[in-house]
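Student: I am new to this structure and would like a close look at a single part. Please take me through the place where the two domains meet, and then go on to whatever else helps me find my way.

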Amino acid sequence: MKILEETLVSIEGLNKEKALECEKLLNGKMKPLGSLGVLEKLAIQISGIKGKIEKLNNGCHIIVSGDNGIIEENVSSCPLEYTKIVSEAMVNKIAAIGILCDSLGIDLQLVDVGINGDIERKYKNLYVDKVMNGTKNFKNEPAMSLKECTETIERGIKRIESLKDKYDFFSNGEMGIGNTTTSSGILYALTKKSLDEVVGRGGGLSDEGLKRKKNLIKESIIKYDLFNKSPLEILRTVGGLDIASMVGLYLGCAKYKKPMLIDGFISGIGALVAVKMEPKVKDYLIATHMSQEPGMKIIMEELNLTPFLNMEMRLGEGTGAVLAYPILKSAMEIPLRMKTKDEVYKIFS
């Protein structure tokens, strides 16, 4: 708990002076004012995050994988073993996120934060860092103890600490069968929105399965009185190890002044919990794409963020986030390389 508490206290907001400096720099370039839209907004935000107007060299995509005890209630169309199998496919570059990271030249780390079992083969980009082999079934008991949840968050913070000198920015993704149920439960408890708006079909539930999923979430929120509990208590009661780890990644990026790209629904839930714990975390978040999961719209409204990609995606893994890497890098090249009108006239007249 000490690392978490110290991290929350240490987080500062954007460097507003540096953000304003970048804005003024962009306004002086040879272009109509604000004509590069999102690229300019990104450059200003990133300059404020880092406290410097400099190029972005390399980023790292971190996937966290963990199993969820709630899978026992038939809330997913996929079997439990998919978490381990698909995770291994990711590091072998034959799952979507592995292919995208490989094609874009992005370093990928997959962290086992709670798979129920072990990936027996060894890979240089596979890390095992878990406090338990999957969560408990939150229908019957809280998914995690406070200690288990907190330690998982703190390990996420420490992972960013270990990578902060090597990478300029980060993105995250997840793998965990049943995690749209855990995410929907957290979102329902935090926002009290309609279950129809919050809960989606996940990996492709039937009508009957979707109804069962909604009822399970509603009953559990009432059982544990989660409308009246803290974000941390909500997370540990109906959340997952993957979400807890992502909360730590977000807090770590805010602590060490690194941009963190939000991917889809589950990644967005991690961001929302982190912001509920410390509002200044929002300054370090960059929303990339609008997931097709229905709850994503609510998350973006809660965070007051607007994704700039709409790819009709809902896979997770970070597949939407990594597509934004070239955009972020390009955004930071504009204030550094683009010339003013006077400079251009001097060169070419």
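Tutor: This is a predicted model. Domain 1 and domain 2 bury about 1,900 Å² between them, and carbon and sulfur atoms account for 68% of that area. The domain assignment gives domain 1 as 1-53 + 335-348, while domain 2 is 59-326. Between the C-alpha centres of domain 1 and domain 2 the distance is 29 Å. On the domain 1 side, 17 residues take part in the contact; on the domain 2 side, 24 residues do.

Three residues of domain 1 deserve a look here. Leu4, Ile11 and Ile49 supply 31% of the area that domain 1 buries against domain 2, and no other three residues supply more.

The interface of domain 1 and domain 2 also has one salt bridge by the rule used. As for salt bridges in the model, glutamate 12 forms one with lysine 257, and their closest N and O atoms are 3.1 Å apart. By the domain bounds, glutamate 12 falls in domain 1 and lysine 257 in domain 2.

Next comes the search for enclosed space. Over the whole structure, one cavity of 30 Å³ or more is found, with about 50 Å³ of space in it. The elements that each give two or more residues to its lining are strand 2 (107-114), helix 6 (146-163) and helix 11 (241-255). Helix 6 gives the largest share, four residues. The lining consists of Val111, Val113, Asp129, Thr152, Arg155, Gly156, Arg159, Ser245 and Leu249. Sorted by class, three of these lining residues are nonpolar, three are polar and three are charged.

Two loop residues remain, both notable for their backbone angles. Most residues other than glycine have a negative phi. Asparagine 74 has a positive phi, near 60 degrees, and sits in the loop between strand 1 (59-66) and helix 4 (82-91). Glutamate 317 has a positive phi as well, near 70 degrees. The loop that holds glutamate 317 runs between helix 13 (295-303) and helix 14 (319-322).

To return to your request, start at the interface with Leu4, Ile11 and Ile49 of domain 1, then find the pair of lysine 257 and glutamate 12.

Terms used
Residues are numbered from 1 along each chain as its sequence is written. This is a predicted model: local features need pLDDT of at least 70, side-chain atom pairs count only at pLDDT 80 or more; totals for chains, interfaces and linings use all residues. Side-chain values use heavy atoms; hydrogens and water are left out. On a 1 Å grid over the protein atoms alone, a cavity is a set of points where a 1.4 Å probe fits but cannot get out, and a pocket is an open set with protein on both sides within 12 Å along at least five of seven lines; lining residues have an atom within 4 Å of a point. Grid points are joined across faces, edges and corners, and a volume is the space filled by probe spheres set on the points. Ala, Val, Leu, Ile, Met, Phe, Trp, Tyr, Cys and Pro count as nonpolar, Asp, Glu, Lys and Arg as charged, and the others, Gly among them, as polar. Domain bounds come from an automatic or database domain assignment. Contact means heavy atoms within 4.5 Å. Buried area is the accessible area (1.4 Å probe) that two parts lose on being put together, summed over both. A salt bridge is a side-chain nitrogen of Lys or Arg within 4 Å of a carboxyl oxygen of Asp or Glu.
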